[in-house]
Amino acid sequence: MNAIRRHAEENFIVLSLILLIVFFSWLSDNFFSVITLKTILNQLPALTVVTVGMTLVLIVAGIDLSVGSVLSLSATVIGVLVVGWHIPLPLACLAGIVTGLACGAANGALVAFFRLPAFIVTLGMLEMARGLAYIVNNSQTVYIGSSIQAIALPLPGVGVSLALLIAIGVVAAGHFMMTRTVFGRHLTAIGSNEQAARMSGIDARPHRLFVLALSGALAGLGGVFNAAYLGSADPNAGIGLELSAIAAAVIGGTSLMGGRGSVLGAFVGVLIISILQSGLAQIGVSEPSKRLITGAVIISAVLLDRWRQKHPQ
Amino acid sequence: MKDLRLSIRNLNKSYNVPVLKNVNLSIGRGEIHAIVGENGAGKSTLINVLTGLTPRDSGSIFLDGESYEPDSAGDGFAAGVSFTSQELSIVESLTVAENIFLRQLPRRHAIVDKSALHAAARALLDRVGLDYVATDSRAASLSLADRQLLEFAKAINAECRLLLLDEPTAALTEQQADRVHAVIREIAAQGVGVIYISHRLDDVLGVSDSVTVLRDGAVISTTAADSSSAADLVSLMTGGGVIRPRDLAATDAASRPALVVENMCTANLPDSVNLTCHEGEIVGIAGLAGSGKSELLRAMFRLDLLHSGQVIRHIKSETVQIQSARHAVRNGIGFLGENRQTMGIFPGQGVLTNMMLPDILRSAACTVDATVEKTVAKQLGKRLAIRYNSLQQDIRELSGGNQQKVLIARWLNAGSAVLLLDEPTRGVDVGTKQAIYELLFELRSNGNAIVIASSETDELMTVCDRILVLSNRHLVAEFNRGLWSEEEILSASFSAYTDNTMSEMSQSEGVQ
């Protein structure tokens, strides 16, 4: 009973996800087709890893608006290194992730040690990283080629891509960190009541630095996945991605006020958003109506969550 | 009855425990009526009920013979009830003039009439003795004393029938207070009824016509001011200084120091403080609200910046100089803040998470052993008789007393040998209070060192080996168990407020 109650968060949205799948399968005969599944899974990895980072930032009552731009900066860095400098692909991917880490660490240092609001700092980084991405790529999309595309293609014998496997690994690690480690407990405490955490001897600053740096690094990893998916480095990639990540986290039961959130829930949130998008496209809903419905779903999710908070069990 | 400004009949108010009990009070036109009492006697609650900030439970209030039932401060203002609050209600980002007229800015159509605003503000500032403050300066630039005068100017700005003053002179020098008193008399002379609350008993007797003593929410006496003395009032406030004897077994470890504070000064504690708490000893910190009790405990836990001095933890033969709150926790010091909601609980988190936090901070392992954690939490819950449905239950669903027990359990679990407790029984029912006392005795006999700040003198007299008294941020007296009386402690608490030089010192310290 306790276990059920503890996982109520996840159970509830998993149920929503299943309902959504059933709903689209009922409306559209070929929703369960291999092509649909492939389309959905291929979109997933970048949004998934970015959402994991976002969820951790939201749990400590922060926000990271820069993830979309950092993702594109990481992708363009990889593009230039591979095409222009002929750096080996694995090294270039690592450089992309480190670029993201550097952006995130800069965010984190400004927020934690200079006490600037995360909203403003990451808004500034959103602009700066996007500008840098254009500068790095000369505002052009750089074609990288099939070498990087291998990351996004299904592995023979496994059926899913390396990117998806890594993304699922990141979700598992994030979930473990939040549920089982002392560090995760401290993040929850800081987000829930920073003053009380301080009086329990927990210093919020290194924690804040860590989550924002991690969010940056995961956005960098998202850049790798994005470049792999497209086969090229696009400086326009990831525009508005921060909003999708926040939406996925919130649908997954994460509070924007901090102190409450689930990495696993956020992943299901990603699935819900992706399936909603594909499902609506499948049944022939126009792009404007898709956006209308997606927005309504996000607000309904928060309303439902608020209602469940007031009426536990 | 006709010439009564205010008449209160059988007023009751309780938050879990009764705060005001069958209060009856009458104030005539032009009467200055002082209300005195210890902390928690119900003075501020009475003011809050009259302003409309707090709803009453039962009883009736008549203003000029008409029933007065305010639902909000707005209703109060509309009925002609004006007040100064102990927590100053100054908006720092606005100008001095805008603060005074916040409720009704002079306007031409929808546009603020600046010249009228500044002219009216100038007159009011000059009246209360703020002639050196420009009407267009930001309120943020004012010292604490100036802010208090600004709050007073704000209250007397509106046309009112009843003026409620809650500690209007707490931060003022004698000269400034005299000025305020003169203005109060002028206002009363126009027929306004005034309720005046102050810790400065000499001022109370000097300015008011009559004095009501509140104790534990009940009216003890109402007398004419010229037939009362400060000593009479203190005696009435304490109920004659009843000592509740309780023998505490001497603990053999009592000679070993556990926590030593040497020459400590902070922004809020101008005098250097020296204090030693021994193993197996409970040291009490007494003092009125705002006397620096919380600030002392915060500084000892290294939450506030020390201007000088040090906090040293003795562990067996070793000594450690405490550098930060984190360092304090690591060296076995626990801290219970005065405000459970903002400083203690993690809202939205379960009982378990709330209880286990500092322990996992101390553990070397990185992961949490869910089974061990649960077992320990259950044991602690049983030991402190905490009432909860499940360990996952949101802490906010627990009663105040049970929340407090969870927070104490947090530090027991952390194995803290030194506990700094700020108002540990605030807002806690009588049964839990007793349970907390018993727990403190048990910890004491186990050799824990405990420093407890409380505004309830009888609580300190029940649990402490020693009581230190803070008055106006200065350590003024120390009493040993058995050699104290409530009256002595209380008059020590008041001592630094009546002394002119002391007030001036606190004035010059001010707020930057």
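**Why the labels fit: a chat about chains A and B**

Author: Let's start with one pair of residues: Gly284(B) stands opposite Ile467(B) in E21(B). This is a predicted model, where local features need pLDDT of at least 70 and side-chain atom pairs count only at pLDDT 80 or more, while totals for chains, interfaces and linings use all residues. Residues are numbered from 1 along each chain as its sequence is written, with chains lettered from A and ligands numbered from 1 in the order in which they are written.

Reader: What makes E15 and E21 of chain B a pair?

Author: Two strands pair if DSSP finds at least two bridges between them. Strand E15 (residues 282-286) and strand E21 (residues 466-471) of chain B have 4 bridges, in the parallel sense, so they meet that cut-off. As for the names, helices (H or I, at least four residues) and strands (E, at least two) are DSSP runs, numbered from the N terminus.

Reader: Which sheet of chain B do E15 and E21 sit in, and in what order do its strands come?

Author: An open one with 6 strands, ordered E18-E19-E20-E15-E21-E22 in chain B, and its pairing is mixed. Strand E18 (333-336) and strand E22 (474-480) of chain B have a single partner strand each, so each has one side without a neighbour in the sheet, and that puts them at the edges. From one strand to the next, the twist averages 15°.

Reader: Which strands does helix H9 of chain B lie across?

Author: H9(B) (residues 293-300) lies across E15, strand E19 (418-422), strand E20 (449-453) and E21 of chain B, and runs at about 150° to E20(B). Axes are lines fitted to C-alpha atoms, for helices over the stretch in contact, and angles run from 0 to 180 degrees between N-to-C directions.

Reader: Which strands of chain B are the edges of the sheet E14-E13-E16-E17, and how do you know?

Author: That open sheet has 4 strands, with antiparallel pairing. Strand E14 (269-278) and strand E17 (318-321) of chain B each pair on one side only, which makes them the edge strands. The strand-to-strand twist averages 10° here. Strand E13 (residues 257-266) of chain B runs antiparallel to E14(B), joined by 6 bridges, and Val261(B) has Leu275(B) in E14(B) as its bridge partner.

Reader: How many bridges join E16 to E17 in chain B?

Author: There are 4 between strand E16 (residues 306-315) and E17(B), which run antiparallel. Ile315(B) stands opposite Glu318(B) in E17(B). The two strands form a hairpin with 2 residues between them, and Lys316(B) in the turn has a positive phi of about 50°.

Reader: Why are H5(B) and H6(B) called roughly parallel to each other?

Author: Two packed helices are described by the angle between their axes and the distance between the axes. The axes of helix H5 (residues 144-157) and helix H6 (residues 174-189) of chain B come within 12 Å and cross at roughly 5°. Angles under 35 degrees count as roughly parallel, over 145 as roughly antiparallel, 65 to 115 as roughly perpendicular and the rest as oblique, so this pair earns the label roughly parallel. Ala145(B), Leu149(B), Phe152(B) and Ile156(B) of H5(B) make the contact with Gln176(B), Val180(B), Val183(B) and Ile187(B) of H6(B). By class that contact has 7 nonpolar, 1 polar and no charged residues (Ala, Val, Leu, Ile, Met, Phe, Trp, Tyr, Cys and Pro count as nonpolar, Asp, Glu, Lys and Arg as charged, and the others, Gly among them, as polar).

Reader: How many residues of chain A are in contact with chain B?

Author: Residues count as in contact if their C-beta atoms, placed from the backbone, lie within 7 Å. On that basis, 22 residues of chain A are in contact with 27 residues of chain B. Helix H1 (2-6), helix H9 (182-192) and helix H10 (194-199) of chain A each supply at least two residues of the chain A side. H9(A) gives the most, with 6 residues. The chain A side divides into 6 nonpolar, 9 polar and 7 charged residues.

Reader: What makes chain A as compact as a globular protein of its length?

Author: Chain A has 14 helices and 2 strands. Its radius of gyration is 19 Å, close to the 20 Å from the globule rule for 313 residues, so the description fits. The radius is taken over C-alpha atoms, and the rule is 2.2 Å times the number of residues to the power 0.38. Chain B, with 512 residues, has 25 Å, which agrees with the value near 24 Å for a compact globule.

Definitions and conventions
Contact = placed C-beta atoms within 7 Å.
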